[in-house]
Amino acid sequence: MAAAEPEAVKKEEGEEEQEQVVNPWEVSAGKGGVDYDKLVDQFGCQRLDAALVDRIGRLTGRPPHRFLRRGLFFAHRDLNEILDLYERGEKFYLYTGRGPSSEALHLGHLVPFMFTKYLQDAFKVPLVIQLTDDEKFLWKNLTLEESKRLARENAKDIIACGFDIERTFIFSDFSFVGGAFYENMVKVARCVTLNKAVAIFGFNSEDHIGKVSFPPVQAVPSFPSSFPHLFGGNSQLRCLIPCAIDQDPYFRMTRDVAPRIGYQKPSLIESRFFPALQGENTKMSASDPNSAIYVTDSEKEIRAKVNKFAFSGGQDSVELHRKLGANLDVDVPIKYLNFFLEDDDELEHIKKEYKEGRMLTGQVKQRLSAVLTEMVTRHQKARARVTEGMVDVFMAPRPLPNMFG
């Protein structure tokens, strides 16, 4: 399950604003960035409102995650139905994933896993994590062997996020697809015409058939019968999928097909995109290490990237900044603190002081560097403790007898 970041769109003088494009393989928007209100209307999903966020806190008995409190996970499909069944004492499971195309994850890759860990801990439910090494073989210039190797390396970073081994099954498509999983893929494939796939995903005549055949692979982890070793005999168990909103097309297709093949529709909870250091109109790219903070970066590298490359909404001079204050809407350090600074009161204090010109860009970047260094260092220590044996256990198809315990 890949997650895209916004691509820059160059606009020539006199050229009309380009229509935004959001799908699993391309995210492009105009100068103002992605219009999320328009996207919600276009996709037909629902806004995640304060009442739902408060209800999550009440049902779980713990404060809602900062990603919820701050509207970073902002849209959903039938989340209310998941909360209804949980309130009745019924169960569900979580499904998320990663498209392993790089050796190291950047912070944007960590966001869905940080949130999914919160959901697993809060609701005490099982989780399946799909590593789409086949997808990256089909879309990227990777060998099959390299795709499989990257899946295993990425699994170590995912495990380092702290998932419960008694409630978590991680699988790579090349290793796991077959049996009941493949049977569900074929059921989905027979329900989706080529015209429908083109309309949903934007395939064209130059795309090889491997791309066209892939969507059912990402669809069927939504169905519990794909995992008979976990959910045997419980084909109607509901599924909740935390993901970035660019993944929505896969699950629109899945939700359309599900009742036609006798399954429940999956529910979704969807996030905004995580911006590149240079701003929301640039793309985080593995070919440009200065576009993102990676979980392998040192304290020195983090500080240098933040100071040199994080786009500032501050003014050009201290005098002007004191007078006009910062533009928080474009300021990347503020956006990153919005994701990663836990303390709501401190965040609001920084925003107020910076916006009114009493706090300078350098001070905000200094605080951000400290927050990111602490988080990345903690992740690196956790990853260093992940052994090959731990990976083998997480990825072994096995019953999880305590998954609802």
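Which residues are buried in helix α4 (residues 79-87)? In this predicted model, the buried residues of α4 are Leu79, Ile82, Leu83 and Leu85. They lie on the same side of α4, because they cover an arc of only 165 degrees around the axis. The general geometry of helices is relevant here: an α-helix has 3.6 residues a turn, so residues three or four places apart point the same way. The buried residues of α4 pack against several elements, namely the helices α2 (50-60) and α5 together with the strands β4 (73-77), β5 (92-98), β8 (238-244) and β9 (267-271).

The two ends of α4 deserve attention for their backbone geometry. Ahead of the helix, Asp78 occupies the loop between β4 and α4. Its phi is near 60 degrees, a positive value in a residue other than glycine. Most residues other than glycine have a negative phi. Asp78 has a relative accessibility of 14% and therefore counts as buried, the cut-off being under 20%. Just after α4, Gly89 also takes a positive phi, of about 90 degrees.

A further positive phi is found at Lys124, which is not a glycine, with a value of about 55 degrees. Lys124 sits in the loop between α5 and β6 (127-131). With a relative accessibility of 44%, Lys124 counts as partly exposed. In the loop between α3 (66-69) and β4, Gly71 is likewise partly exposed, at 24% relative accessibility. Gly71 and Ile158 are separated by 87 residues in sequence and by 24 Å in space, C-alpha to C-alpha.

The discussion now turns to the interior. The largest nonpolar core comprises 76 residues, and those with the most contacts inside it are Leu68, Leu107, Ile269, Ile293, Phe340 and Leu372. Helix α5 (residues 107-123) gives the most to this core, contributing 10 residues. Apart from it lies another core, of 38 residues, which includes Tyr93, Leu230, Ile241 and Tyr250. The surroundings of Ile269 can be listed in detail. Leaving out residues up to four places away in sequence, Ile269 touches Leu48, Leu68, Phe73, Ala75, His76, Leu79, Phe115, Leu119, Leu240, Ile241, Pro242 and Cys243. One of these partners, Leu79, is among the buried residues of α4.

Two helices carry residues already named in the largest core. The axes of α17 (residues 332-340) and α19 (residues 361-384) come within 10 Å and cross at roughly 40 degrees. The crossing in which α17 passes α19 is left-handed. On the α17 side, the contact is made by Pro333, Ile334, Tyr336, Leu337 and Phe340, which meet Val364, Lys365, Leu368, Val371, Leu372 and Met375 in α19. By character, the residues of this contact comprise 10 nonpolar, no polar and 1 charged. Phe340 and Leu372, which take part in this contact, are both listed among the residues with the most contacts inside the largest core.

Phe339 also belongs to α17, and counts as buried at 5% relative accessibility. Not counting residues up to four places away in sequence, Phe339 touches Arg66, Phe67, Leu72, Val111, Phe273, Phe274 and Pro275. Phe339 and Phe274 are 65 residues apart along the chain, and their C-alpha atoms are separated by 8.6 Å.

Helix α19 can be followed onward to another helix. Thr373 is located in α19 and counts as buried, with a relative accessibility of 12%. Beyond residues up to four places away in sequence, Thr373 touches Glu299 and Ile302. Ile302 is one of the buried residues of helix α15 (residues 299-309), together with Lys305 and Val306. These residues cover an arc of only 95 degrees around the axis, which puts them on the same side of α15. Lys300 and Lys308, on the other side of α15, are exposed. The cover over the buried residues of α15 includes α19.

A final site is found in helix α7 (residues 144-159), where Ser147 is located. Ser147 is buried, with a relative accessible area of 0%. Apart from its neighbours within four places in sequence, Ser147 is in contact with Pro100, Asp133, Lys136, Phe137, Leu142 and Phe174.

Notes. Residues numbered from 1 in each chain as written. Predicted model: local features only at pLDDT ≥ 70, side-chain atom pairs only at ≥ 80, totals over all residues. Heavy atoms only, no water. Core = buried A, V, L, I, M, F, W, Y, C linked by side-chain atoms within 4.5 Å. Buried < 20%, exposed > 50% of the residue type's maximum accessible area, 1.4 Å probe, protein only. Helix = DSSP H or I, 4+ residues; strand = E, 2+ residues; numbered from the N terminus. Contact = heavy atoms within 4.5 Å. Axes fitted to C-alpha atoms, helices over the stretch in contact; angles between N-to-C directions. Left-handed = near helix turned anticlockwise from the far one by under 90°. Nonpolar A, V, L, I, M, F, W, Y, C, P; charged D, E, K, R; others polar. Arc of directions from axis to C-beta.
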